[in-house]
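Please open the structure in your viewer and keep the selection tool at hand, since this tour moves from one selection to the next and says what is to be found at each stop.

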Amino acid sequence: MIELETIRVLLVEDDEDDCFLVKELLREIQGREYGMDWARNYDEGLSLMSGNKHDVCLVDYRLGAQNGVDLLKAAQAMGCAAPVIILTGMGQAEVDLAAMKAGASDYLIKGRIDSNQLERSIRYAVERNRAAARAAFEHARLAAFGSQIGLALMQRAALPEILGRCARAMVQYLNAALAQVWIYDAAQKVLEPRASAGPVFDKVKSPPNLPVPLVNLEDLAAGRPVLVRSFADGPQLSTQTWACQQQLTAFAALPLLLEDRLVGMLSLYSREPLTETVLQEMNSVANGIALCIQRKQAEEALDASEGRYRSVVANIKEVIFQMNEFGYWTFLNPAWATITGFAIKDALGTFYLDYLHHDDREQGRYIFLQLISRKIDFCRYETRLLTKDGKVRWVELYMQLTLDNDGTVLGASGSINDITERREAEEQAQKLAAFPRVNPNPVLEFSADGALSYANGAALELARSLGKEQILDILPADVTAIVRTCLAEGSKRLREEVCLNGHTLTWSFFPVSAGRVVHCYGADITEMLNLEAQFRHAQKLESVGQMAAGIAHDFNNILTVIQGYADCLQSQYADDKSLAKPLKRISEASRRAAALTRQLLMFSRKQAIQARPLDLNCVLQNLSNMLTRLLGEDIVMENHYASGLPQIQADTGMLEQVVMNLAVNARDAMPSGGKLVVTTEMVKLDEDYAHHRAEARPGRFVCLSVQDTGCGMDEKTLGRIFEPFFSTKEVGRGTGLGLSTVYGIVKQHQGWVEVASSVGVGTTFKVFFPAAGAAQEPAIEEKDNRPVRGGPETILHVEDEPALRQLVRDILSQYQYRILEASSGVEALKVWDEQDGRVDLLLTDMVMPEGLTGRELAQQLRKRKPDLRVIYTSGYSLKTFGNEHSENDTVWLEKPYQPSQLARTVRECLDAPPAGHRNSAAAPEQLIVAEVPPVTSARDEPVEAAV
């Protein structure tokens with residue numbers, strides 16, 4: 001019941017007593033206030049009733065000559081909307097019926113009325129009237145809503161604009177705070193908002209910032225709407241705080257369906273509670289909106305399809321053309337200009353045969369006439385097209401008839417596809433097809449069941465070379481299983497090895513899934529494996545050489561101290577016989593140890609050599625007598641020296657040591673006697689020879705061959721003969737440095753050694769030296785035996801070995817020099833700064849700790865003092881440090897050195913004139929090498945073999 005503060009009542013009554021009675025009854029009604037106006041006759045009542053200022057009208061049936069039913073009809077005709085209750089003094093059925101038919105709300109008998117009955121009759125009449133008014137309003141509102149939606153759907157506009165109008169209509173007629181129209185994306189299975197309106201949207205102005213309602217797509221697709229009468233009963237938003245901020249109370253969503261297919265959704269948020277009515281109202285326009293969405297999507301799809309078609313035609317690489325019945329171009333897409341270089345506007349209206357190659361025009365004319373005369377319906381053939389720049393492009397031309405609705409020939413249309421690259425690829429494929437036929441290595445193909453389906457000629461030749469008639473005899477034993485596994489797993493099998501008749505074959509299998517075949521490629525890798533073994537052996541010797549060089553360097557420091565002090569003591573106690581002999585033995589022992597370290601340095605190719613052009617035959621002839629005595633009477637020696645032998649660049653002493661060590665090695669391999677053959681020859685090696693030997697290279701070489709008939713060596717021993725300290729001799733018969741020294745000397749002379757040996761047959765060593773030019777006799781230098789004088793000069797000695805620093809101090813102090821010491825280059829810089837550069841000579845080791853070498857130290861100090869004299873010392877040879885040492889007034893002193901040699905070298909370096917004052921004929925920047933005691937040759941000491 002609608003609560004009203006005051007109900008306005010109009011009483012139309014011509015009897016004053018009855019008016020008083022009604023007033024009294026209204027006063028008796030509790031909890032309600034009534035205001036009553038009184039109309040005394042028909043005309044007055046008609047005037048007031050038509051004014052619609054009262055909530056209810058009480059009309060007496062008897063009004064003089066007229067009655068209340070007539071008044072009711074007249075008032076309604078004049079627009080009276082208030083409910084009317086007929087009052088009568090007596091109950092008559094016909095009056096009651098007439099009143100109801102005229103539209104009266106109720107019919108009361110005056111004598112039987114009490115306050116409760118009057119209140120109830122008035123209340124019902126008012127409520128029924130207001131309900132009818134609300135219903136009429138809702139009907140009008142719903143009709144206007146449908147009309148507004150209909151107008152929106154009829155607009156020729158884009159879909160977002162149409163749906164936006166629909167959303168605004170929902171806000172206007174459904175009292176929504178936010179109305180949205182969603183479209184369902186079936187591919188992504190998501191709802192996308194396409195239109196939003198309402199006070200909330202006007203405030204946010206950004207759909208992505210609006211929360212997405214929690215709706216179930218399956219329920220929507222099944223046609224089940226969503227209604228949340230109040231968020232207080234169950235939140236349906238992903239962000240409840242946002243709903244509170246916007247003062248939203250309820251939510252409704254209705255699916256948009258077409259033939260049980262979800263198209264979209266209508267949704268709205270309200271700031272007032274919602275009822276089921278809102279879903280009905282939304283449903284009244286849902287089908288129209290769904291149809292509009294479908295129609296617009298279809299139109300958009302059609303537009304997109306047409307756009308794609310135009311885009312395809314415009315961007316396709318093939319030429320799309322149309323021509324009239326006479327063969328003149330009427331349409332060409334942009335690919336025409338790309339392929340031919342001719343502009344489309346210039347080509348339209350021209351004869352298509354003019355663009356064909358001259359040799360192809362007759363064929364093109366014939367085919368076109370056959371098509372236009374309808375003897376053929378279409379044609380496809382390859383021809384040549386001329387381009388604007390005069391080049392020729394191979395094309396595939398497809399052409400078909402273009403007919404009118406009545407079958408009249410309008411012309412032809414079709415496509416031109418550039419196949420130039422394909423033709424070139426086909427030619428290339430033909431070339432590649434020859435690959436397996438002419439391949440020098442085996443090429444095979446296996447079918448899916450493992451059967452051999454193809455084999456090239458090289459495979460058959462390889463089988464026959466190994467003494468096999470069938471190719472399968474040189475394949476892996478499980479080749480069928482390998483093929484099936486490759487196809488089943490789609491994996492390749494690489495390097496399946498087969499060892500046969502001393503040869504190693506490798507086979508690799510590659511599955512070709514598309515053809516259900518397996519390709520197999522083979523190779524004889526015997527030679528490659530041999531080269532790899534040789535290369536690994538060379539690498540091993542190189543690493544061992546590095547280690548040997550490091551050991552020899554450290555030994556040289558120690559031996560320099562031992563030999564230096566021994567020589568000093570010998571000089572000091574030369575007259576003391578009790579000390580002279582032990583000191584002499586110490587000195588001799590240190591020199592023998594120095595010879596061993598030189599052998600290590602020779603192996604590692606870090607020993608200094610005095611190379612000059614010489615004749616190998618002369619060296620061998622000079623050694624002939626010594627070799628005969630060395631071999632003994634039970635070994636016969638034969639010499640075969642080639643005449644006209646080219647000279648080689650070599651160190652005579654080192655070359656003699658090579659020959660002696662090889663001879664001793666051969667002697668020890670023939671304890672019961674035998675024959676030793678020494679041969680020399682000049683050989684020219686080609687690329688093929690070098691390819692089969694890891695260390696060899698093509699060119700002219702002098703070959704020294706030493707062949708014995710001794711016990712020979714097995715493969716295991718042969719692989720280690722050049723390793724330092726490796727020996728098959730009993731303990732005490734050698735250190736195992738003989739052949740390693742040979743190896744090092746030959747490598748240092750840019751040559752190599754080849755060895756062939758068989759157990760019980762003998763061994764042959766072949767030594768190759770690069771051939772050199774004509775010999776040049778070296779200048780003979782006279783030794784200076786005059787006493788060495790000292791001086792007051794300041795010498796900065798830089799050496800990381802403490803004992804060696806002490807030895808140098810002891811030696812040079814005897815010559816009155818002022819000695820400054822440093823253990824590293826960094827410390828030497830500090831000493832220099834402390835002395836303010838008052839240093840006359842720098843005596844420095846080449847290899848030092850703390851990251852500053854002797855050369856780098858000298859460079860820095862010479863920037864401060866350009867005329868500084870420098871002496872380099874090292875246990876390594878000069879060539880170890882490359883060709884970068886070309887500084888003025890620089891001397892090289894190799895360890896181990898004798899005290900007298902050190903003193904003489906220092907004095908000569910200090911007395912030498914500065915670089916700018918030297919004779920111009922001399923090389924002012926050439927490194928000076930101090931005289932070093934000669935290396936003990938094979939003539940001075942017994943030599944020994946490594947094996």
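## First stop: helix α6

Select helix α6 and look for its buried residues, which are Leu159, Ile162, Leu163, Gly164, Cys166, Ala167, Ala169, Met170, Val171 and Tyr173. Buried here means under 20% relative accessible area, exposed means over 50%, and partly exposed means in between, with a 1.4 Å probe and protein chains only. Helices (H or I, at least four residues) and strands (E, at least two) are DSSP runs, numbered from the N terminus. This is a predicted model, in which local features need pLDDT of at least 70 and side-chain atom pairs count only at pLDDT 80 or more, while totals for chains, interfaces and linings use all residues. Residues are numbered from 1 along each chain as its sequence is written, and side-chain values use heavy atoms, with hydrogens and water left out.

Now follow α6 from end to end: the helix covers residues 159-173, which makes 15 residues, and it reaches 21 Å from its first C-alpha to its last, close to the 21 Å expected at 1.5 Å a residue. The expected span is 1.5 Å times one less than the number of residues in the helix. Just after α6, select Asn175, which takes a positive phi of about 55 degrees.

## Second stop: two loops and a strand

Which residue in the loop between β11 and β12 should you select next? Choose Glu259, which lies in that loop, between β11 (250-258) and β12 (261-270), and which has a positive phi of about 55 degrees although it is not a glycine. At 80% relative accessibility, Glu259 counts as exposed.

Gln247 can be selected next, in the loop between α9 (240-245) and β11, and with 58% relative accessibility Gln247 is exposed as well. Add Ser270 to the selection, and you will have two residues that are 23 residues apart along the chain, with C-alpha atoms separated by 8.7 Å.

Then go to Arg495 in strand β20 (residues 493-500), where phi is again positive, near 55 degrees, in a residue other than glycine. Arg495 counts as exposed, at 61% relative accessibility.

## Third stop: salt bridges

Side chains of opposite charge can pair when their charged atoms come close. A salt bridge is a side-chain nitrogen of Lys or Arg within 4 Å of a carboxyl oxygen of Asp or Glu, and by this rule the count comes to 24 salt bridges.

Select Arg295 and Glu299, whose side chains meet in a salt bridge at 3.4 Å, N to O. These two residues are separated by about one helical turn, because they are four residues apart in helix α10 (residues 276-315). An α-helix has 3.6 residues a turn, so residues three or four places apart point the same way. Arg295 is partly exposed, with a relative accessible area of 36%, and Glu299 is partly exposed at 33%.

For another pair, select Arg384 and Asp360, where the salt bridge is 3.0 Å, N to O. This pair links distant parts of the chain, 24 residues apart, with Arg384 in strand β15 (residues 378-386) and Asp360 in the loop between α12 (344-347) and α13 (361-372). Is Asp360 buried or exposed? At 9% relative accessibility, Asp360 counts as buried.

Move on to Arg838 and Asp836, which form a salt bridge with their closest N and O atoms 3.6 Å apart; Asp836 counts as exposed, at 60% relative accessibility. Finally, select Arg789, Glu793, Arg907 and Asp911 together, since these residues are linked in a network of salt bridges.

## Last stop: Arg786 and a surface patch

Arg786 lies in the loop between β29 (762-770) and β30 (794-798), and it is exposed, with a relative accessible area of 57%. Select Arg904 too: the two are 118 residues apart in sequence and 9.7 Å apart in space, C-alpha to C-alpha.

To end the tour, select Phe435, which is found in helix α14 (residues 420-438) and is partly exposed, with a relative accessible area of 43%. Phe435, Leu494, Phe510 and Tyr521 make a nonpolar surface patch of about 330 Å². Patches are made of residues with over 30% relative accessible area and no salt bridge, with like charges joined within 9 Å and nonpolar side chains (Val, Leu, Ile, Met, Phe, Trp, Tyr) within 5 Å. Accessible areas come from the Shrake-Rupley method with a 1.4 Å probe, and for residues only the protein chains shown count as cover.
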